[in-house]
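Thanks for coming. I will go through one model today, a few places at a time.

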Amino acid sequence: MKTSLIPALLLLPSLLAAQSSFSIKGYGKLLKDGDSIFLSYKQNDKFLLDSTVVKSNAFEFKGVVFTTVKGYICRKDNPRFAELLMDARDVYIEPGVISVQSSDSLLHALITGTPLNNDNAILEAMLQPVKMKVEKVRNPDHFTPDELKDTALVNATRQQLLELYNERVAVQLSFIKQHPASYVSLVTLAGIARNSRFIPQVEQLYPSLSPVLKELPQGRDIEQRIRANKKITVGMLSPDFIQPDVHGKPVKLSDFKGKYVLVDFWASWCGPCREENPNVLMAYERYKHKNFTVLSVSIDVLRDKEKWLKAVKEDKLPWIQVSDLKKENEAAKLYGVTTIPANVLIDPSGKVIGSNLRGEQLEQKLVEVLQ
């Protein structure tokens, strides 16, 4: 089923000027009278938060929409204060009556009734098999202290989750290919583009999006990320840079000429970066005697300097750490890094021989060039 181009052509005027009413009517068998339901979405560069309460297993929101946008609804946890929303669902805020129907609460609700929510329901149905696989895998964040000591178990689980993440992205890319005129495709592709590993696939699909979608902010952001990704390509000489280490001493990338060096971009607040650090550490310990080293570039800012230093200590990273602690790290800009974790592998001559190598990919590449 392909989305008609006509609804997409109507998106741009509605984003710019139109004001239309919308309502969200929800029902869930496990919703209890008095449960708080929150609705959060963005309009005119402002985040709006509305709330209501459940009556007879049902709830309703009414409002006006100036800009078609993706928001979310959640139960009990006020998103203004909660760190984690346990029962929440995405919803596209657009003119019309949006239906939220569930056999339990919100987590497994079917959201339909308007063009974009119907499109999103198709995407979620396509993703359901992957979602079921993910639910069967225990998140390492929930491992016991003894389980966390089992490095093989932790690495195997993270690898399994990474493979499922890749499978999820493949399904999303398939949906986008089938629905090039849907705003849901634009939002989904923009999300994928935040992971630099998938920029080549994003670049292939981006031209197929409707011209209207490309003119929207998410479309321009995707284009910018594609351009940034082309700053560094395999085979080119790596641009030199200089940044201070944890003691304020200037360190040049060219100081490492004659070695294989992995330039690793990360930050103390980046969960995926911290999860990847053990893999980088393992590679470092295994190959540091074979003319290989790591240079980590943190994109933490000045106010987070202590958090950066603490993360280096907690993750036991023995190689040189640098950062200019600026709002936009100059080395990251130079290398076109728009998302982290990200890395570039450089050979002894200073030539780029790999990028965004993680887990087994990093291990395989190092085996190839060092053994």
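Lys32 counts as exposed, because its relative accessibility is 56% and the cut-off for exposed is over 50%. Lys32 sits in the loop that joins strand S1, residues 20-28, to strand S2, residues 36-43. From Lys32 to Gly96 the sequence separation is 64 residues, and the C-alpha to C-alpha distance is 26 Å. I should say now that this is a predicted model, so please take the values as computed from it.

Next, a pair of helices. How do H2 and H5 pack, and at what angle? Helix H2 covers residues 115-135 and helix H5 covers residues 183-193; their axes are 8 Å apart and cross at about 55 degrees. That angle makes H2 oblique to H5, because oblique is what remains outside the parallel, antiparallel and perpendicular ranges, and the perpendicular one starts at 65 degrees. On the H2 side, the contact is made by Leu116, Asp119, Asn120 and Leu123. On the H5 side, Tyr183, Val184 and Thr188 make it. Sorted by class, the residues in this contact are 4 nonpolar, 2 polar and 1 charged.

Let me stay with Thr188 for a moment. Thr188 belongs to helix H5. Is it buried or exposed? Thr188 has a relative accessible area of 10%, so it is buried, the limit being under 20%. Setting aside neighbours within four places in sequence, the contacts of Thr188 are Leu123, Gln172 and Ile176. Leu123 is also one of the H2 residues in the contact with H5.

Now the nonpolar cores. The largest nonpolar core has 43 residues. Which residues have the most contacts inside it? They are Phe241, Leu253, Phe265, Phe292, Leu295, Tyr335 and Leu366. Several elements supply at least two residues each, among them strand S11 (260-266), helix H9 (271-287), strand S12 (292-298) and helix H10 (305-314). Further along the chain, helix H11 (330-334), strand S14 (342-346), strand S15 (352-355) and helix H12 (360-370) do so as well. S11 gives the largest share, 6 residues.

A second core, separate from that one, has 28 residues and includes Val130, Leu186, Ile192 and Val202.

Back to Leu253, as an example from the largest core. Leaving out neighbours within four places in sequence, Leu253 is in contact with Ser238, Pro239, Asp240 and Phe241, among others. The rest of its list is Val261, Val263, Leu295, Tyr335 and Ile346. Of these, Phe241, Leu295 and Tyr335 are also named among the residues with the most contacts inside the core.

Then Pro217. It is placed in helix H8, residues 217-229, and it counts as exposed because its relative accessibility is 52%. Pro217 is 31 residues from Leu186 in sequence, and their C-alpha atoms are 9.9 Å apart. Leu186, as I said, is one of the residues of the second core.

Last, the cysteines. How many disulfides does the structure hold? There is 1. Cys270 and Cys273 form it, with 2.3 Å between their sulfur atoms. The link is right-handed, at 75 degrees about the S-S bond. Both partners are buried: Cys270 because its relative accessible area is 4%, and Cys273 because its relative accessibility is 2%. Cys74 is buried too, with a relative accessible area of 1%.

That is my list; I will take questions.

Notes. Residues numbered from 1 in each chain as written. Predicted model: local features only at pLDDT ≥ 70, side-chain atom pairs only at ≥ 80, totals over all residues. Heavy atoms only, no water. Axes fitted to C-alpha atoms, helices over the stretch in contact; angles between N-to-C directions. Helix = DSSP H or I, 4+ residues; strand = E, 2+ residues; numbered from the N terminus. Parallel < 35°, antiparallel > 145°, perpendicular 65-115°, else oblique. Contact = heavy atoms within 4.5 Å. Nonpolar A, V, L, I, M, F, W, Y, C, P; charged D, E, K, R; others polar. Buried < 20%, exposed > 50% of the residue type's maximum accessible area, 1.4 Å probe, protein only. Disulfide = S-S within 2.5 Å. Core = buried A, V, L, I, M, F, W, Y, C linked by side-chain atoms within 4.5 Å.
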